[in-house]
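Colleague: I am new to this model. Please take me through its salt bridges, one by one.

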Amino acid sequence: VDIDLQEPNSLVNLKSLRNLLKDNAANIVEILRMFIAETSGSMAQMKVLCQQQDWDALKLRVHAIKPYYGYIGNAELSQKLEDWEGDWGGNRSVDHLEMMIELEEKTKAITERLHQIIKEEYGR
Amino acid sequence: MEGNAAVASRSLYQGEDLAIEKIPRTHILYIEDDQAMRRMFHMVESTLLYPYTFSFAETLAAAANELKLHPKKFSAVLSDYHLPDGEAKDLFPIASHLPVIVLTSTYDVDLAVALMKLGVDDFLIKDKDMEFLRLIPEKIKSVIDKKSAQTEAARQERRFRDLFENSNDIILYLGEDCTIWQSSPQLMQIMGYDKRDMDNLTLLDMVHPEDLDCYTALLTSLNPGKKFDDVEVRLLGKTGKVFIMEASASKSLMDEGMPYTRAIFRDVTERKKSEQLIKTQNISLAEKNKQVNEGLIKLRKATVSRRSAAIVATLALIFFLVSEFWLEPFFNKYSGSTHYNWSFKIIIVLLLKPFDMLIERWLLRQKIKEAGLA
């Protein structure tokens, strides 16, 4: 079942990951769980860094989580993070905060969707 | 051999996994701080990334440590550009002996050029569909082959340079007008020129004036791909000392199509002197030998002459006695005349000289033969 093909603008598109891992359920679930663990941990850290206005450390975190959105096929968010990292100017705290809010919301939705996929499609 | 071939063949037909087990794989060090990417590499190692096996390092420091611990283990390094303790450019000189491929998420020409200058062998963009993973084996093979070719070329270059610098011959690379582009150190060591001389002199300035026309004609008649060998030419050292050289030369084209001449000179001055000395000595020796032989022949001749005279004198005496005591009574008894006896004596006397000469010649020939002088 490839629900992503039916929902082209969805938050998650696992086509590439499935192709790459040859539909190996165990491997796919492992990567999805890695996404969940990495992004949830990073979101908490990034919120603290925003509050502390430690932009350099925040940039490093953005760089670290950026590829994960590519793995689960969210090209739009992945590109947004890349632009965010690329345009890093230093003290543009408002922009960072706006990005953080959007990122957190979308990550939360992605995480819920991934939990659903893991449960419904892979029975785990 | 047949057994091994059979195992390999059977493995390939029994399935991909078995074949992978049997064939030794090439170790690659992958420096990546992204845990998910490392896991995915591991997951597709036996399929997409075959025939390579990956060891992972999360940081540059860990990579340096791994390379230090296992200096011969890895055939190439694959590295993410941004790493927790630095960037891929900091890999040098840690991994400068290995081919390096850098993975970046965006294509940046300036960064690519800068990294290439540092020694990075290739780039790969981590596209969002992760198609880059499929390209990795081909890229790795390409950089390993390229590095091997470079290493071999460098090794060959070192060998040729060693030969060029340590050869006993003078080796010159010349331009069309015989200007010296490059010379082996022997030109300075043997002929006493220094580097400043090399800037101002052409090869033709060093050729002895008497040999200049001939040698220039030889050089100018050379076409690319042609050569001449073992031509004797005299060169002048810095102090004017004359060196006899055995020269060879060949003309070739450089990659850009520009012709150059490779000239090799072997200093044979001492050899030529020795050869001349030996030649003079041989002539002198032959002359002395001849004199000794002639003296010996004269000596033998004198000895033989005396001996043959003695033989002839003895024979003459015998004939005289025979004619006196035997022939004379014989002729008297049967003819009543002594004229026959006198005739016989006269014949004997007339024959003595030729007989003496014959005996002398025969004895001399025997003596010469005995002495090995014939």
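Modeller: Here is a close look at the salt bridges. This is a predicted model, where local features need pLDDT of at least 70, side-chain atom pairs count only at pLDDT 80 or more, and totals for chains, interfaces and linings use all residues. Residues are numbered from 1 along each chain as its sequence is written, chains are lettered from A and ligands numbered from 1 in the order in which they are written, and side-chain values use heavy atoms, with hydrogens and water left out.

A search of the whole structure finds 32 salt bridges over all chains. The term means a side-chain nitrogen of Lys or Arg within 4 Å of a carboxyl oxygen of Asp or Glu.

Take B:Asp121 and B:Lys146. Their closest N and O atoms are 4.0 Å apart. B:Asp121 lies in the loop between helix 5 (109-118) and strand 7 (122-125) of chain B, and B:Lys146 in helix 6 (residues 132-166), so the pair ties together parts 25 residues apart in sequence. Helices (H or I, at least four residues) and strands (E, at least two) are DSSP runs, numbered from the N terminus. B:Asp121 is buried at 6% relative accessibility. B:Lys146 is partly exposed at 37%. Buried means under 20% relative accessible area, exposed over 50%, partly exposed in between (1.4 Å probe, protein chains only).

Next, B:Arg271 pairs with B:Glu246 at 2.6 Å. B:Arg271 is partly exposed, at 38%. Both residues belong to a salt-bridge network with B:Glu232, B:Lys272 and B:Glu275.

Last, B:Lys273 bridges to B:Glu270 at 3.8 Å. They sit 3 residues apart in helix 11 of chain B, about one helical turn. B:Glu270 is exposed, at 52%.
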